[in-house]
Amino acid sequence: MSSPHPTAADPSATVSSTVSSDGTTLAYRVLGDPAARPLVLVHGWSQSSACWGPELLAPLAERYRVVAVDLRGHGHSGVAGSGYDSAEQWADDLAAVLDAADVRDGAVLLGWSYGGIVVADYLASRGEDRVAGVVLCGAVTSVSRSAGGAIGPAMVEVTSGGAFDEDPATALKAFAGFGTAMMRGGSGTARQRVFGLSLATPPAVRQKLLTRRVDNDETLRALTVPALVLHGAHDGVIPPDTGRANAEMIPGARYVEFAESAHAPFLEEPSRFLAELGEFADGL
C-alpha cells in the first residue's frame with residue numbers, strides 16, 4: 001500500500017495497515033529515514049493522522065522516523081464495535097502499530113489531546129521498554145476527576161450540545177463552536193481540515209471514547225523516561241491547568257506554554273513547536 005521508503009514530500013502516500021489483538025484493522029502513516037529516531041504521533045478525540053497535515057509531517061520526517069496512528073474508529077482504521085473503554089485494548093492497538101512499523105526501542109511517544117490518554121494507557125500496560133521519551137501536547141491523560149483529566153468549556157459545550165447525534169445538522173451546530181475553539185491561529189486550510197475531521201468520525205465512536213473511566217495518575221508518577229508537556233495558553237478544550245497538572249505528576253517533566261495558541265500549537269505556532277520538540281528529542 002505504500003513504498004518501502006516514502007519521502008517527506010509525499011506523506012499522503014504512506015498509509016499502511018495492521019491488525020490489533022481483537023481483529024480491528026488499524027491504519028497508520030509512516031515516513032522518514034528508517035534509521036532515524038522513531039516519533040509516534042497519536043491524535044486526539046474525533047481526529048485522525050491527517051490532523052498533523054503535510055506542512056508538519058514533512059519537516060518532522062526530515063529528522064525522525066514518523067509513525068502517525070489512526071486510532072480505532074478514526075480515519076482509515078476500522079470502526080470496531082467495542083474496545084473503546086479498555087486501557088488494555090488501546091495499549092494493544094498502539095503496540096500493534098509499533099510492531100508493524102518495526103519500532104523496537106528509542107521511540108518518542110507524542111499524544112495530542114485524547115492521544116495523551118492512549119499514550120498513558122500504553123505505558124500503564126506495556127511499560128517503557130520501547131520508549132525514550134514522552135511528549136504531551138494539549139493533552140488530557142485520564143477520564144476521571146483527576147486534575148490531569150480536567151476538560152475545558154469548549155469540550156463541555158460540544159459533548160452536551162449534540163456531538164453524539166446522528167443528525168448532521170445537530171452535529172454540525174455542536175461542532176461549530178468547538179471548531180473555532182480548537183485553533184486561534186494557523187492557516188485557514190489547517191483549521192478547516194481539523195474541523196472536517198471532527199465531523200468525519202462516527203458519532204458512536206465520539207461518544208464511546210468519552211463514556212469510559214480511567215485514571216492514569218499513578219502511571220505518570222511512576223515514569224522514569226524524560227517528558228515534555230506543551231500547551232496552548234488559550235486552550236479552551238483542555239485547559240492549561242490540566243497540562244501543568246500532568247507536568248507536575250511526571251518526575252522531571254518540563255512544561256512549555258505557547259502564548260499564541262489554543263488547542264493545536266503544532267499548527268498554530270509550528271516553528272516553535274518544532275524547535276521545542278527538536279531540543280527535547282535531541283537531548284534523549
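W45 and F175 are both buried in this predicted model, and they make a good place to start looking. How far apart are the ring centres of W45 and F175, and at what angle do their planes lie? The centres are 5.8 Å apart and the planes make an angle of 25 degrees, so the pair is stacked; planes have to be under 30 degrees apart to count that way. In sequence terms the two partners are distant: W45 belongs to the loop between β3 (38-42) and α1 (54-61), while F175 is part of helix α5 (residues 168-182), 130 residues apart.

W45 has another ring partner in that helix. With F178, the centre distance is 5.7 Å and the planes stand at 85 degrees, so this pair is edge-to-face. Here too the contact links distant parts of the chain, with W45 in the loop between β3 and α1 and F178 in helix α5, 133 residues apart. On the exposure side, W45 has a relative accessible area of 5% and F178 comes in at 4%. Both count as buried because the cut-off is under 20%.

If you're wondering how F175 and F178 can both belong to one helix and both meet W45, there's a handy general point. An α-helix has 3.6 residues a turn, so residues three or four places apart point the same way.

Right beside W45 in the sequence, S46 deserves a click too. S46 has a positive phi of about 60 degrees, though it isn't a glycine. S46 is found in the loop between β3 and α1, and its relative accessible area is 0%, so S46 is buried. A similar case turns up at S113, where phi is near 55 degrees, again positive in a residue other than glycine. S113 is placed in the loop between β5 and α3 and, at 8% relative accessibility, S113 counts as buried.

That loop leads us back to strand β5. Why call β5 largely enclosed by the rest of the structure? Because 6 of the 6 residues in the strand (residues 107-112) are buried. A107, L109 and G111 point one way from β5, V108, L110 and W112 point the other way, and all are buried. As for its neighbours, β5 runs parallel to β3, joined by 4 bridges, and V108 of β5 is the bridge partner of L39. β5 also pairs in the parallel sense with strand β6 (residues 131-137), over 6 bridges, where V108 stands opposite G133. To get from β5 to β6 the chain passes through helix α3 (residues 115-126), and this β-α-β crossover is right-handed.

Now for the antiparallel pairings. Strand β2 (residues 25-31) has 6 of its 7 residues buried, so β2 is also largely enclosed by the rest of the structure. Strand β1 (residues 15-19) pairs with β2 in the antiparallel sense over 5 bridges, and V19 has T25 of β2 as its bridge partner. The two strands form a hairpin with 5 residues between them, and in the turn G23 has a positive phi of about 90 degrees. β2 pairs with strand β4 (residues 65-69) as well, antiparallel over 4 bridges, and there V30 stands opposite V67.

Back to the rings for a moment. The structure holds 9 aromatic pairs, and ring pairs link W52, W112, F266 and F273 into a cluster. W112 of that cluster is one of the buried residues of β5. F273 is among the buried residues of helix α11, along with E276, L277, G278, F280 and A281. Helix α11 itself (residues 270-282) has 13 residues and reaches 18 Å from its first C-alpha to its last, close to the 18 Å expected at 1.5 Å a residue.

Charges join in with the rings as well. R272 lies over the face of F258, at 4.6 Å from the ring centre. Elsewhere, the charged end of R72 sits over the ring of Y84, 6.0 Å from its centre.

Finally, zoom out. The protein's secondary structure comes to 11 helices and 8 strands, and its C-alpha trace spans about 45 × 40 × 35 Å along the principal axes. Does the radius of gyration agree or disagree with that of a compact globule? For 284 residues such a globule would be near 19 Å, and the protein has 17 Å, which agrees. Of the 284 residues, 58% count as buried.

Terms used
Residues numbered from 1 in each chain as written. Predicted model: local features only at pLDDT ≥ 70, side-chain atom pairs only at ≥ 80, totals over all residues. Heavy atoms only, no water. Phe/Tyr/Trp six-rings, centres within 6.5 Å; stacked < 30°, edge-to-face > 60°. Buried < 20%, exposed > 50% of the residue type's maximum accessible area, 1.4 Å probe, protein only. Lys NZ or Arg CZ within 6 Å of the ring centre and 35° of its normal. Pairing = 2+ DSSP bridges. Right-handed = clockwise from strand over helix to strand, strands pointing away. Expected span 1.5 Å × (residues − 1). Rg over C-alpha atoms; globule rule 2.2 N^0.38 Å.
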